[in-house]
Amino acid sequence: MKFHTPVVQTRYTSPLGPIILAASGKGLAGLWFEGQRHLPPELLARAPAASCVEGVALPVAPGHWAVLAAGGSSRRTATWPSDPEHPILKLAMQQLDDYFAGRRARFEVPLDLSHGTAFQQSVWQALLTIAQGDTASYGEVSARIGKPSAVRAVGAAVGRNPVSIIVPCHRVMGAGGALTGYAGGLDRKAALLKLEGALGLDGDYRWLRGKAAQLRLDPALEEARP
């Protein structure tokens, strides 16, 4: 994924860990958990392996933040300046506050998804049709975009969704309601679904008997849960 327009960023502290937000002149262009898979290269810096703590955000230049990636001997400066006062970023943070407090079921932040391919954008638009409290399978998403046989490609596009939470890729489940990959981590996916009332800890899904059954949410999330 390549970002062709000027982008600014800021960091947001959520109950599920630090989040990096990015905005263009058109709208919110990115929302990533710090250290997750598929971070854009503009947010990655390299430092000597001996001093690198992978996944940690740090200032690499005045007004610039980046996440360290392990390995390498050179440091690359992120190209996106920090601008926490940007109106779109401020609006996104306000609405995330409401979401995590259980006061918001729908986001109203302008989005800029133009940095993906036409196919990726069609998948991301389909994700926006999955309402809070609902889930959909990869096959159902494929059908919604008129490509029922493209399940594997849809899965790849879901994994590359640049605006987590707001474009709700966490609401896509595997066959039979199985928990499947999430770039931000399966524990976060389960926490988001629990916050939205899409699953409980009462055996809604078989996988809860495994690792996810041990999930412990931030107290703020427990209080906000429907």
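## Tyr99 and its aromatic neighbours

Tyr99 is tucked away: its relative accessibility is just 1%, so it counts as buried, the cut-off being under 20%. Keep in mind that this is a predicted model.

Searching the whole structure turns up 3 aromatic pairs. In one of them, Tyr99 meets Phe100, with ring centres 5.2 Å apart and planes at 70 degrees; angles over 60 count as edge-to-face, so that is the label for this pair. Tyr99 also pairs with Phe107, and here the arrangement is tilted, with 5.3 Å from centre to centre and 40 degrees between the planes. Put together, Tyr99, Phe100 and Phe107 make up one aromatic cluster.

What about the other two rings? Phe100 has a relative accessible area of 4%, so it is buried. Phe107 comes in at 15%, which also makes it buried, given the cut-off of under 20%.

## The main nonpolar core

Phe100 shows up again in the largest nonpolar core, which has 41 residues. Along with Leu21, Leu28, Leu127, Val141 and Ile165, Phe100 is among the members that touch the most others. As a rule, nonpolar side chains in soluble globular proteins tend to be buried together.

Which elements give two or more residues to this core? On the strand side, they are E1 (8-14), E2 (17-23) and E3 (28-33). The helices are H1 (87-100), H2 (118-127), H3 (138-144), H4 (151-159) and H5 (186-195). Helix H1 supplies the largest share, with 7 residues.

## Leu28 and a second core

Leu28 is worth clicking on. Leaving out residues up to four places away in sequence, Leu28 touches Leu21, Ala22 and Ala23, and also Ile88, Leu89 and Ala92. Its list of contacts further includes Val109, Pro110, Leu111, Asp112, Val163 and Ile166.

There is also a second core, separate from the main one, with 9 residues. Ala22, Ala29, Leu39 and Leu43 are among them.

## The whole chain

Now for the overall layout. The protein has 6 helices and 8 strands. Reading from the N terminus, the order is β-β-β-β-β-β-α-α-β-α-α-β-α-α.

How much of the protein is buried? Of its 226 residues, 50% count as such. The protein exposes about 10700 Å², and carbon and sulfur atoms supply 52% of that area. As for contacts with a separation of 6 or more, 55% are between residues 24 or more positions apart.

Definitions and conventions. Residues are numbered from 1 along each chain as its sequence is written. This is a predicted model: local features need pLDDT of at least 70, side-chain atom pairs count only at pLDDT 80 or more; totals for chains, interfaces and linings use all residues. Side-chain values use heavy atoms; hydrogens and water are left out. Helices (H or I, at least four residues) and strands (E, at least two) are DSSP runs, numbered from the N terminus. Buried means under 20% relative accessible area, exposed over 50%, partly exposed in between (1.4 Å probe, protein chains only). Contact means heavy atoms within 4.5 Å. Accessible areas come from the Shrake-Rupley method with a 1.4 Å probe; for residues, only the protein chains shown count as cover. Rings of Phe, Tyr and Trp (its six-membered ring) pair if their centres lie within 6.5 Å; planes under 30 degrees apart count as stacked, over 60 as edge-to-face and the rest as tilted. A nonpolar core is a set of buried Ala, Val, Leu, Ile, Met, Phe, Trp, Tyr and Cys residues joined through side-chain atoms within 4.5 Å.
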